[in-house]
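This briefing is intended for a reader who has the sequence and the coordinates at hand. Please keep both in view while working through the points below.

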Amino acid sequence: MSSGAPNAPIPLLAGAAIDGMNAYRALVEEAQRDPEAYWARLAREHLDWQRPFTRTLDATNAPFFKWFDDGLLNASYNCLDRHLANGGAARTALIFEADGGEVTTLSYGELHARVCRVANALRERGVRRGDRVMIYLPMSVEGVVAMQACARIGAPHSVVFGGFSAKSLHERMVNVGACVLITADEQVRGGRHLPLKTIADEALSMDGGENVHTVIVYRRTGGAVPWQAGRDVWLHEIEAAQSAACEPEWVDAEHPLFILYTSGSTGTPKGVQHSTGGYLLWAALTMKWTFDIRASDVFWCTADIGWITGHSYICYGPTAVGATQVIFEGVPTWPDAGRFWQMIGRHKVSIFYTAPTAIRSLIKAADSHPEVHPSRYDLGTLRLLGTVGEPINPDAWRWFAAEVGGGRCPVLDTFWQTETGGHMIAPLPGVTPLVPGSCTLPLPGIEAAIVDESGRDVPNGNGGLLVIKRPWPSMLRTVWGNPARYRAGYFPEELGGTLYLAGDGAIRDPHTGYFTITGRVDDVLNVSGHRMGTAEIESALAAHPEVAEAAVVGRPDATTGEAIVAFVVLKGQRPVDAEAQRVADALRAWVGHEIGPIAKPREIRFGDAMPKTRSGKIVRRLLRSVAKGEAIEQDTSTVENPAVISQFSKAA
Ligand code: PRX
């Protein structure tokens, strides 16, 4: 891996929203002195309330916290209407670049009009406050319009990433109890068309799909689609029939804005429920604090709206602060691996937020194809860089800083999660001297700490479990339909029941107090920044008629962070050679169909039985070593059947 000349420290940004360490400390102290007064001040200053709140935090039913709960507001009003006066309607909201390079721009006035039309259409189809709307769309203007339209009428949305299968879509749709689905005829990525509506119809044909009374279809390609008259309607037709004015539904701050499914340590994904007021406050505030967003900026977050990053830093954060942003339909490597760099130049992007996996794959590409090296492009408009989704290795960090940021732009390694709603631990460009590989310090008001297995603080320099000690406004409110899972999973009794458990390991530097995230401590994998539960993949494999038992572990991978390795025992004989290859291919395709292509195991290994303890537990630590190709030096005396270990040492 090449990295630029080792680098003079990247200078702090002058005149940033939080300007210097003293300003940061003042905020941290304000938050510590009187947390409620601090959050109340911020919520009054950064959001527009239809009726001001009088209560800041209600902790009577902890850990089910309520924030600003007697205040009324509307998220779409805060993201759109409040920017329209004084010429703001003409300001560019979205610069959309399609897979093939076509560009469409929308002003705040135009975005507002489209959101109002779709909101009116949803109301006309009977969607009311509290009804859930499923969104299964590609990266598009329409995705943002659909989400904002739901917010406008108080209908919580649940977006499912376009790469998920019909079964995954169905499972989420039924769990959330959706009455409307918004999808597209096809999705276009890297020149390929994928039949979204066909997949959506497959999901709708399964049990419970009949509860969806309306399917709204965005015509992206004009490709042929299956159609059910009465239920299915074209987005452009219903939009054209509606007025561009729509009174927002004023909801209380605790009203659920959305439910976004994510993986946990069991086989069923959990619906992370976010609120309207607390969530939006942090989405807006972190745009100002972390990204120092200014009127002259062009912001680009490369995430997909199917993930939390696309919710907070595409749909809600940038619009809440009236920013101009780029959104991109395609993939970083098509038509070649210079696409990101070319787009930064073309759209004069000044703040660029992406995933370590993308950076690592573009480093590789630039090493072998100098014509797509960032130095060949005009990146002079960049002033801030950010990463999210997984740990960034110092080499990739340095390359990003030097080759993309030209040594001028702070690189902000932002740690957060679906559950946290927005950045938790992240450098501030005017405050924090940067250290590659560290997400540095918690944002003011976020009480991050590292504890041991019984919830006691560990000294700096010792690793432990990352926790948040106090509630914060943008935290998840519950797991949809499963409050017990919320309590047990995030506020476990073993830690005393009051600490929010992130599920990540972390360590603090003894000198700087900086945090470094060491990765998940539970059975959650992070593959190319996509979060996946080993249990989900295991149950998908176990559902295959030929599979008797399956265990899934992660193995470190230089590009994707982790790679999925599956250990499988078949009902029949252990396959070898060509037969093993055939079964492995079939199982990979099966997982792709059950969950989605992102969950396909990189490797599948077969054995006669799983290595188990005498009490019947699969010895996962052993499987993790086997997956890494390590010599087994661990004690295997507790393993009932150590002979199978050598069978598993080879991938099919
Ligand atoms: O393990 C951490 C990792 O991603 C997990 C959260 O995944 P998800 O809910 O899908 O949200 C991703 C986008 C916010 C975390 O538990 N993670 C996220 N950001 C970082 C990170 N690990 C290290 N450094 C980060 N900056």
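The points below cover the overall fold, the ligand site, the salt bridges and a few selected residues.

The model is predicted. Its chain has 652 residues, and its radius of gyration of 24 Å agrees with the value near 26 Å that a compact globule would have. The secondary structure comprises 18 helices and 30 strands.

**Overall fold**

- Taken along the principal axes, the box filled by the C-alpha atoms of the chain is roughly 75 × 65 × 60 Å.
- Of the 652 residues in the chain, 60% are buried.

**Ligand site**

- The ligand is surrounded by 17 residues, of which Asp-413, Thr-418, Asp-504, Arg-520 and Arg-531 are the closest.
- The shell around the ligand is mixed in class, with six nonpolar, six polar and five charged residues.
- Three elements each supply at least two residues of this shell, namely helix H10 (308-320), strand E20 (411-414) and strand E25 (515-520).
- Asp-413 places an N or O atom of its side chain 2.7 Å from a nitrogen atom of the ligand.
- Arg-531 has a side-chain N or O atom 2.7 Å from an oxygen atom of the ligand.
- Glu-390 approaches through its backbone, where an N or O atom lies 3.4 Å from a nitrogen atom of the ligand.
- Of the 550 Å² of accessible area that the ligand has on its own, the protein covers 95%.

**Salt bridge between two residues of the ligand shell**

- Arg-520 and Asp-504, both listed among the residues closest to the ligand, form a salt bridge with their closest N and O atoms 3.9 Å apart.
- Because Arg-520 lies in strand E25 and Asp-504 in strand E24 (residues 500-508), the pair ties together parts that are 16 residues apart in sequence.
- The two partners differ in exposure class: Arg-520 is partly exposed at 24% relative accessibility, whereas Asp-504 is buried at 7%.

**Other salt bridges**

- The whole structure contains 39 salt bridges.
- One of them links Glu-249 to Arg-129, with the closest N and O atoms 3.0 Å apart.
- Glu-249 belongs to the loop between helix H8 (235-240) and strand E13 (251-252), and Arg-129 to the loop between helix H4 (108-124) and strand E6 (132-136), so this pair ties together parts that are 120 residues apart in sequence.
- Arg-129 has a relative accessible area of 41% and is therefore partly exposed.
- Lys-197 and Asp-201 form a further salt bridge, in which the closest N and O atoms are 2.8 Å apart.
- Both of these residues lie in helix H7 (residues 196-205), and because they are four residues apart, about one helical turn separates them.
- Lys-197 is buried, with a relative accessible area of 0%, and Asp-201 also counts as buried, at 16% relative accessibility.
- Through salt bridges that share partners, Lys-197, Asp-201, Arg-231 and Asp-232 are joined into one network.

**Helix H6 and the residue after it**

- Helix H6 (residues 166-176) has as its buried residues Ala-166, Ser-168, Leu-169, His-170, Arg-172, Met-173 and Val-176.
- Gly-177, just after H6, adopts a positive phi of about 70 degrees.

**Arg-360 and its contacts**

- Arg-360 is located in helix H12 (residues 356-368).
- Its relative accessibility is 5%, so Arg-360 counts as buried, the limit being under 20%.
- The side chain of Arg-360 makes a polar contact of 3.0 Å with the side chain of Asn-393.
- A polar atom of the Arg-360 side chain also lies 2.9 Å from the backbone oxygen of Thr-559.

**Pro-575**

- Pro-575 occupies the loop between strand E29 (561-570) and helix H16 (577-594).
- Although it is in a loop, Pro-575 is buried, with a relative accessible area of 8%.
- Pro-575 and Asp-608 are 33 residues apart in sequence, and their C-alpha atoms are 9.3 Å apart in space.

How values were computed:
Residues are numbered from 1 along each chain as its sequence is written. This is a predicted model: local features need pLDDT of at least 70, side-chain atom pairs count only at pLDDT 80 or more; totals for chains, interfaces and linings use all residues. Side-chain values use heavy atoms; hydrogens and water are left out. A residue is near a molecule or strand if one of its heavy atoms lies within 4 Å of it. A polar contact is a pair of N or O atoms within 3.5 Å; within protein, one must be able to donate a hydrogen and the other to accept it, and residues adjacent in sequence count only if both atoms are side-chain atoms. Accessible areas come from the Shrake-Rupley method with a 1.4 Å probe; for residues, only the protein chains shown count as cover. Ala, Val, Leu, Ile, Met, Phe, Trp, Tyr, Cys and Pro count as nonpolar, Asp, Glu, Lys and Arg as charged, and the others, Gly among them, as polar. A salt bridge is a side-chain nitrogen of Lys or Arg within 4 Å of a carboxyl oxygen of Asp or Glu. Buried means under 20% relative accessible area, exposed over 50%, partly exposed in between (1.4 Å probe, protein chains only). The radius of gyration is taken over C-alpha atoms; the globule rule is 2.2 Å times the number of residues to the power 0.38.
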